[in-house]
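Here are my notes on the model, jotted down as I went through it. Have it open next to you while you read.

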Amino acid sequence: MDYPNHALSLREWLDHLQRTDRLAVAKPGLSLRHEIAGIANRMDGRKATLFPKVGGQGGTVVSGIVSDRSWMAEALGIAPGELVFRFGKASAAPLAWKEVKSAPCQEVVHRDVDILKQLPVPTHNEHDSGAYITAGILVSRDPESGIQNVTIHRCQISGPNRIGVLLLPRHTHHYYRKAEKAGKPLEIAIAVGVEPACLLASQAIVPIDHDELEIAGALKGAPLDVVKCVTNNVRVPADAEVVLEGRILPKTRELEGPFGEFPQYYGERAERHVIEIDAITHRRDPLFHTIVGGGLEHLLLGAIPREATIMAAMQASFPGVRDVHLALGGVGRYHLYVKLDKTQEGEGKNVLLAAFAAHYDIKHAVVVDMDVDIHNPREVEWAIATRFQADRDLVIVPNSQGSKLDPSTDNGVGAKMGLDATIPVNSPEMKFKRIRVPGEQEIDLDAVLDPQARVKL
């Protein structure tokens with residue numbers, strides 16, 4: 001396969017997927033309500049999907065564009081094994097963006113806004129409260145310093161120019177509180193249809209004075225082109241397909257939800273913040289990217305940046321940590337596997353405690369030795385089965401902070417469990433030595449097997 005050697009734009013990446021038989025094109029006219037999401041889920045992890053002329057509205061929707069870990073690396077022009085390390089390096093050394101005067105994302109401008117008439121916004125899961133923008137990066141500016149923050153929030157279309165948005169107590173919410181205290185709205189923009197580097201960078205866990213669009217530039221290896229919005233001061237990726245420009249209104253809350261979230265349960269309905277949209281700009285014939293809640297694209301975009309952050313935090317105290325993996329069976333958030341080059345007894349348990357401290361979402365952690373492939377759940381389960389004893393190797397931390405989206409917690413408070421599945425340092429050499437057939441991997445099966453041969457039994 002011909003792999004790219006540089007980071008690709010969204011359209012370049014879709015073209016690459018099509019040339020490598022990983023883009024499925026649906027028949028025109030499919031329904032925006034559930035049908036698009038159902039097909040995208042059926043293709044999840046196998047092929048991205050493009051839906052032309054959807055819902056009688058005429059727009060084009062794409063989904064599943066990075067629904068495999070190796071695809072994300074490929075879209076950045078790197079090997080899969082480099083992905084977490086490259087992301088960590090980009091987060092530590094961002095690259096300033098470059099502002100341009102005109103941009104593809106502003107080829108068409110709508111100041112008379114009617115979101116559902118102008119954009120093909122799907123409704124995904126059965127009990128979702130309506131159509132949601134799910135793959136839009138929300139860009140906000142600190143009202144005091146002007147420094148930007150980039151993230152992805154679930155955005156419910158509540159009216160022709162109104163969006164209900166879930167703001168967790170993070171950077172966007174911090175900027176909003178500053179604006180609200182001054183009695184002013186917070187200027188924002190939602191960019192839909194951005195390149196994979198921007199999607200991944202939006203999920204970086206970095207200090208509040210970091211603009212994730214600069215992390216996107218570092219991932220690309222070149223400054224990201226941005227353009228000033230037509231109705232406010234927010235800068236957005238110039239090559240975005242669609243941009244919704246607006247303001248988060250002060251002292252205003254309206255009902256939002258339920259919505260199918262990453263744990264594959266519904267986020268509850270509650271009073272949420274409200275965005276008023278002032279303008280929609282887009283390319284001619286734009287592509288509208290949607291991420292189906294709880295699908296692989298959703299899980300991976302959350303998992304990969306967290307892995308980079310968690311590994312950096314753990315290696316600061318434990319240089320023997322060689323790799324970490326947030327397993328998809330733990331929805332890319334709750335189950336962490338750690339590869340450790342263990343040198344001292346008790347180190348495994350300390351590493352488990354460091355894992356829980358690295359991110360509050362981590363619920364269950366397993367630490368294993370260097371010979372275990374932490375990206376293979378069967379290998380991790382094998383290590384637990386043969387190297388772990390519950391009365392000796394189990395760590396439980398009760399009444400600790402976890403994810404509020406985990407329905408088994410008490411409003412986010414629950415227990416954490418760590419399993420030390422490492423070999424004791426001074427074990428006899430043969431006690432835990434893995435069996436191996438010498439030369440097995442070097443055998444050329446095509447040379448030794450005869451596909452035409454038949455035997456009489």
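1. Start with the surroundings of Ser-403. Once you set aside neighbours within four places in sequence, Ser-403 is in contact with Phe-262, Tyr-334, Tyr-360, Asp-361, Thr-409 and Gly-412. Bear in mind throughout that this is a predicted model.

2. One of those partners, Tyr-334, deserves a second look. The side chains of Ser-403 and Tyr-334 are joined by a polar contact of 2.9 Å.

3. Where does Ser-403 sit along the chain? You'll find Ser-403 in the loop that runs between β22 (394-401) and β23 (413-420). Being in a loop doesn't tell you about accessibility, so check that separately: Ser-403 counts as buried because its relative accessibility is 6%, and the cut-off for buried is under 20%.

4. Now zoom out to the domains. The protein chain splits into domain 1 (80-287) and domain 2 (317-420). Nine residues from domain 1 and nine residues from domain 2 make up the contact. Measuring from centre to centre over C-alpha atoms, domain 1 and domain 2 are 32 Å apart.

5. How much area is buried between domain 1 and domain 2? The figure is about 780 Å², and carbon and sulfur atoms give 71% of it. As for specific polar links, the rule finds zero salt bridges across the interface of domain 1 and domain 2. It does find one residue pair in polar contact there, with both residues at pLDDT 80 or more.

6. Over to Val-113, which is another loop residue to look at. Val-113 lies between β5 (108-110) and α5 (115-118), in the loop that links them. Is Val-113 buried or exposed? With 11% relative accessibility, Val-113 counts as buried, as the limit is under 20%.

7. What does Val-113 touch? Leaving out residues up to four places away in sequence, the list is Gln-118, Pro-160, Asn-161, Ile-277, Asp-278, Ala-279 and Ile-280. For a sense of distance along the chain and through space, take Val-113 and Thr-231: they are 118 residues apart in sequence, and their C-alpha atoms are 13 Å apart.

8. Last, the annotation. An unreviewed UniProt entry places the feature "domain: 3-octaprenyl-4-hydroxybenzoate carboxy-lyase-like N-terminal" at residues 14-89. In the model, that span is 37% helix and 14% strand, and its end C-alpha atoms lie 26 Å apart.

How values were computed. Residues are numbered from 1 along each chain as its sequence is written. This is a predicted model: local features need pLDDT of at least 70, side-chain atom pairs count only at pLDDT 80 or more; totals for chains, interfaces and linings use all residues. Side-chain values use heavy atoms; hydrogens and water are left out. Helices (H or I, at least four residues) and strands (E, at least two) are DSSP runs, numbered from the N terminus. Buried means under 20% relative accessible area, exposed over 50%, partly exposed in between (1.4 Å probe, protein chains only). Contact means heavy atoms within 4.5 Å. UniProt positions are given in the numbering used here, feature names are shortened, and annotations may be inferred rather than shown by experiment. Domain bounds come from an automatic or database domain assignment. Buried area is the accessible area (1.4 Å probe) that two parts lose on being put together, summed over both. A salt bridge is a side-chain nitrogen of Lys or Arg within 4 Å of a carboxyl oxygen of Asp or Glu. A polar contact is a pair of N or O atoms within 3.5 Å; within protein, one must be able to donate a hydrogen and the other to accept it, and residues adjacent in sequence count only if both atoms are side-chain atoms.
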